[in-house]
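Reader: Got a minute for this one? I'd like to go through the fold and then a few residues.

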Amino acid sequence: MKNNPVFPEPDCHHYSPSVDGKSLFSGRMRFHQSWYRRTILGLDPGPNPSARGAIYGNMLPLKDGLQGKNFLTDEIFNLVQRRFLVKKTVQKSSYRYHNMLGSQAMCFNLFGPLIIGKKATRLIQLLPGFPQDAKVTKIIFEYAPLKEKHLNDKTSHDAFIEYCYPDGKMGFIGVETKLSEPFSQKEVQFTDRYARWIKRGEWWWKPGAEQDFSSKSFNQLWRNHLLIYAMLNQETPEYSEGYCAVVYPLGDTDCEDAIKQYKNLLIPSGEKTLLVWPLQTIAELWGEVLANDASYSQWFDDFQTRYLRLEKSHDAWLKFQGV
């Protein structure tokens with residue numbers, strides 16, 4: 001870390017009113033990532049390609065992003081590199097390496113060590129809804145089955161957790177992670193690519209619910225959930241059961257409201273396949289297990305500081321607001 005880091009830096013966006021005015025939490029989390037970048041990592045802010053290259057506090061410079069500074073450990077960054085090709089010659093690189101507010105980086109930072117340390121089953125078993133007698137067999141990032149046989153769009157799981165019962169029966173959980181961004185950026189109509197699944201099995205949604213399918217509030221969540229349904233209703237399904245889990249920080253009221261609205265469209269059997277895993281719940285459940293495990297404790301402490309312990313940047317936040 002650099003000596004005597006100055007925060008907040010001048011001529012840098014630490015809070016974006018045009019976006020974050022819709023949600024105080026979004027602005028607060030953006031500021032916290034900016035604080036973490038400077039105070040914990042000791043790094044300079046970087047350009048935001050979506051804002052004509054303006055300097056944003058939650059963005060990393062090109063060189064730091066490509067060196068994996070958006071990820072909590074070198075081992076996690078290695079997972080990212082194996083999953084995606086890093087094009088070091090491209091100046092406008094992907095947000096996954098530079099945007100500290102991105103949920104994709106958070107997903108790797110949360111689930112990556114479970115693959116590396118081979119402790120996936122022990123930790124995932126603690127989460128609500130996971131079968132207690134099942135063993136995790138694999139975790140895949142940014143996974144989507146063959147789209148032509150499913151939704152025929154770009155819907156994918158941020159993380160895909162496959163598990164197996166002692167009798168050989170297979171199941172999975174498709175995980176959608178959110179840090180501060182909304183579920184959907186645009187409306188998506190309930191066209192034939194989605195409607196054709198209605199008669200494939202017991203439909204998880206209430207009659208007429210498809211009229212609300214296009215809602216930007218939860219359309220992405222619906223498509224993630226529908227992808228689970230499509231995977232389970234193939235002519236020869238590979239899995240006997242599946243769930244959709246949403247990971248998000250408590251305090252993100254926009255996300256909480258979207259989940260609540262979406263649940264109103266589900267019948268009871270459909271709602272049972274939707275799991276809600278707040279980050280604070282995960283931290284509480286995993287913390288007791290990892291506290292005395294030297295191979296995990298530093299990573300998990302860093303994770304909580306970056307994404308959950310907003311009180312660490314509280315004084316800076318008040319000063320920034322002029323309070």
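Reader: What radius of gyration does the protein have, and what would a compact globule have?
Author: The protein has 20 Å; with 323 residues a compact globule would come near 20 Å, so the two agree. The radius is taken over C-alpha atoms, and the globule rule is 2.2 Å times the number of residues to the power 0.38. This is a predicted model: local features need pLDDT of at least 70, side-chain atom pairs count only at pLDDT 80 or more, and totals for chains, interfaces and linings use all residues. Residues are numbered from 1 along each chain as its sequence is written, and side-chain values use heavy atoms, with hydrogens and water left out.

Reader: What box do the C-alpha atoms fill?
Author: Roughly 60 × 45 × 40 Å, along the principal axes.

Reader: How many helices and strands?
Author: There are 14 helices and 7 strands. They are DSSP runs numbered from the N terminus: helices are H or I with at least four residues, strands are E with at least two.

Reader: How much of the protein is buried?
Author: Of the 323 residues, 54% count as buried. Buried means under 20% relative accessible area, exposed over 50%, and partly exposed in between, with a 1.4 Å probe and protein chains only.

Reader: And contacts far apart in sequence?
Author: Take contacts between residues at least 6 apart in sequence: 70% of them join residues at least 24 apart. Contact means heavy atoms within 4.5 Å.

Reader: Let's go to helix 4. Which residues are buried there?
Author: In helix 4, residues 74-83, the buried ones include I76, F77, L79 and V80. Seen down the axis, the buried residues fall within an arc of 150°, so they line one face of the helix. That arc is of the directions from the helix axis to the C-beta atoms.

Reader: Why would residues a few places apart share a direction?
Author: An α-helix has 3.6 residues a turn, so residues three or four places apart point the same way.

Reader: What's on the other side of helix 4?
Author: D74 and R82 are exposed there.

Reader: And what covers the buried residues of helix 4?
Author: The cover includes helix 3 (62-66), helix 5 (95-98) and helix 6 (103-116). Strand 3 (135-143) and helix 13 (294-307) are also among the covering elements.

Reader: New topic: backbone oddities. What is the usual pattern?
Author: Most residues other than glycine have a negative phi, and most peptide bonds are trans.

Reader: Which residues does the cis peptide bond join?
Author: F7 and P8, with omega about -5°. P8 sits in the segment before helix 1 (17-20).

Reader: What about phi at D11 and R52?
Author: D11 has a positive phi near 55° and is not a glycine. D11 is also in the segment before helix 1. R52, again not a glycine, has a positive phi of about 55°. R52 lies in the loop between strand 1 (46-48) and strand 2 (54-56).

Reader: Is D11 buried or exposed? And R52?
Author: D11 counts as exposed because its relative accessibility is 75%. R52 is at 88%, so R52 counts as exposed too.

Reader: Where is Q261, and what does Q261 touch?
Author: Q261 is in helix 10, residues 253-263. Leaving out residues up to four places away in sequence, Q261 touches S217 and F218. With a relative accessible area of 37%, Q261 is partly exposed.

Reader: Last one: how far is L24 from G251?
Author: Their C-alpha atoms are separated by 9.4 Å, with the two positions 227 residues apart along the chain. L24 belongs to helix 2 (residues 24-40).
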